[in-house]
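Here is a quick walk through one protein model, taken a region at a time. Have the viewer open and follow along.

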Amino acid sequence: MSVAAEVNERLARITELGTSIWLDQIRLNLVESGELERLVKFESLRGVTSNPAILEKAILGSDDYDELIEQAAKEGLDAHAIYERLAVKTVQDACDVLRPVYDATGGVDGRASIEVDPRLAYDTEATIAEARALWWRVDRPNLFIKIPAARQGLPAIAACLAEGISINVTLIFSLARYDEVIDAFLAGLERARQAGHDLAQIASVASFFVSRVDTEVDARLDKIGTVAAAALRGRAAIANARLAYQHYERMLASPRWAALAAAGARPQRPLWASTSVKDPAYSDTMYVTKLVAPGVVNTMPEATLRAVADHGQIPADSVRGH
């Protein structure tokens, strides 16, 4: 068996178990070189995400965008307008490559995300306005608009879903905030139904940040300095995500969701974000292989994707223990 076939089998196994593999990186060259299409065809990739930090790194770390920047500068655009044009172009191109996946999965996967300006995170109305503008500018059915799960973002999430805009809720850490995100999701779909929108065309994911939880908790455990504390290192993040999955299942079992599902709604899938390992003492695949379950997304940087493809041991269901 070739190495390529073995790699494909590992990643395909995750997909077969119901966990969609998305890439937590995007850049113009990834699309134009054909690498994104290759990942889709041979490594079970089902989507991509972006944020301002990822796009800034892509723009400043290569010459892929030089001609576009030069043209925008000649038009007199300021730095923010240039950035937004480059971001929209990159995400549009990614959406186009992923469109066959979107069509083949009935709109479940094949999506690319673009984030509202994080400086607006505490301004509900400005977040809504920017989400509308990005939705209109990118103009792709397989787009997700990322809105942070700040308290001021919750009504923005509901409002955008109510208008038929598909939303990636990002920066979720706590179970309490996740419950509020679920409520905003359900409220948005209920309003969308009342407005006559086709609920089957509206999608959402709830992005739980994983490794950053361990980074914070491990630092606190290290300050305690006991043997018992040391034994708990690297366990909080996965436990937190597994509890989040229980909240997701509780939502699916609720009468409120049943009414929306009967009207054609799709579940808001949990998405495991920040799945690269920050502590070299840990397995480089732990935030993937320990979080396999039906109906979730795992978005990972290229290095983590390669590690899972190379040596990940894929259990049948590592979230619910089946």
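## The two sides of helix α3

Start with the outward side of α3: the face turned away from its buried side carries Lys 41 and Phe 42, both exposed. Keep in mind that this is a predicted model.

Now flip the helix over. α3 covers residues 35-42, and its buried residues are Leu 36, Leu 39 and Val 40. Looking down the axis of α3, you find the buried residues within an arc of 100°, so they line one face of the helix. And what sits on top of them? The cover over the buried residues of α3 includes two strands, β1 (19-23) and β2 (45-48), along with the helices α2 (28-32), α6 (79-104) and α15 (302-311).

## Leaving α3

The loop that leads from α3 to β2 is where Glu 43 sits. Buried or exposed, then, for Glu 43? Glu 43 is buried, because its relative accessible area of 7% falls under the 20% cut-off. Its side chain has a partner too: Glu 43 and Arg 306 are joined side chain to side chain by a polar contact of 3.1 Å.

Ser 44 is worth a look in your backbone torsions as well. Just after α3, Ser 44 takes a positive phi of about 60°.

## Strand β4 and its neighbours

Next stop is β4, residues 143-148. Six of its six residues are buried, so the strand is largely enclosed by the rest of the structure. The side chains split between two directions: Leu 143, Ile 145 and Ile 147 point one way, while Phe 144, Lys 146 and Pro 148 point the other way, and all are buried. Yes, that list of buried residues includes Lys 146.

β4 pairs with β3 (residues 111-115), and the two run parallel, joined by four bridges. Within that pairing, Ser 113 stands opposite Phe 144 of β4. The connection goes through helix α7 (residues 124-138), and β3, α7 and β4 together make a right-handed β-α-β unit.

β4 also pairs with β5 (residues 167-172), again in the parallel sense and over four bridges. Here Lys 146 has Asn 168 of β5 as its bridge partner. To get from β4 to β5 the chain passes through helix α8 (residues 153-162), and this β-α-β crossover is right-handed.

## Two more positive phi values

Asp 139 and Leu 171 may also catch your eye in a torsion plot. Asp 139, in the loop between α7 and β4, has a positive phi of about 55° although it is not a glycine. At 55% relative accessibility, Asp 139 counts as exposed, because the cut-off is over 50%.

Leu 171 is in strand β5, and its phi is positive at about 65°, again without being a glycine. With 33% relative accessibility, Leu 171 counts as partly exposed.

## Cysteines without a partner

How many disulfides does the count come to? The count is zero. Cys 95 is in no disulfide, and the nearest cysteine sulfur, that of Cys 160, is 17 Å away. Looking from the other end, Cys 160 is in no disulfide either, with the sulfur of Cys 95 as its nearest cysteine sulfur at 17 Å. The sulfurs would have to be within 2.5 Å to count as a disulfide, so this pair doesn't qualify.

As for accessibility, Cys 95 is buried with a relative accessible area of 1%, and Cys 160 is buried at 0%.

## Asp 279 and Glu 56

Asp 279 belongs to the loop between β7 (269-273) and α14 (286-289). Its relative accessibility is 18%, so Asp 279 counts as buried under the 20% cut-off. The side chain of Asp 279 reaches the backbone nitrogen of Ala 281 at 2.8 Å. For a long-range distance check, the C-alpha atoms of Asp 279 and Leu 68 are separated by 38 Å, with their positions 211 residues apart along the chain.

Glu 56 is in helix α4 (residues 52-60). What is its accessibility class? Glu 56 is partly exposed, with a relative accessible area of 45%. C-alpha to C-alpha, Glu 56 and Ala 206 are 23 Å apart in space and 150 residues apart in sequence.

Key. Residues are numbered from 1 along each chain as its sequence is written. This is a predicted model: local features need pLDDT of at least 70, side-chain atom pairs count only at pLDDT 80 or more; totals for chains, interfaces and linings use all residues. Side-chain values use heavy atoms; hydrogens and water are left out. Buried means under 20% relative accessible area, exposed over 50%, partly exposed in between (1.4 Å probe, protein chains only). A polar contact is a pair of N or O atoms within 3.5 Å; within protein, one must be able to donate a hydrogen and the other to accept it, and residues adjacent in sequence count only if both atoms are side-chain atoms. The arc is that of the directions from the helix axis to the C-beta atoms. Contact means heavy atoms within 4.5 Å. Two strands pair if DSSP finds at least two bridges between them. A crossover is right-handed if, with the strands pointing away from the viewer, the path from the first strand over the helix to the second runs clockwise.
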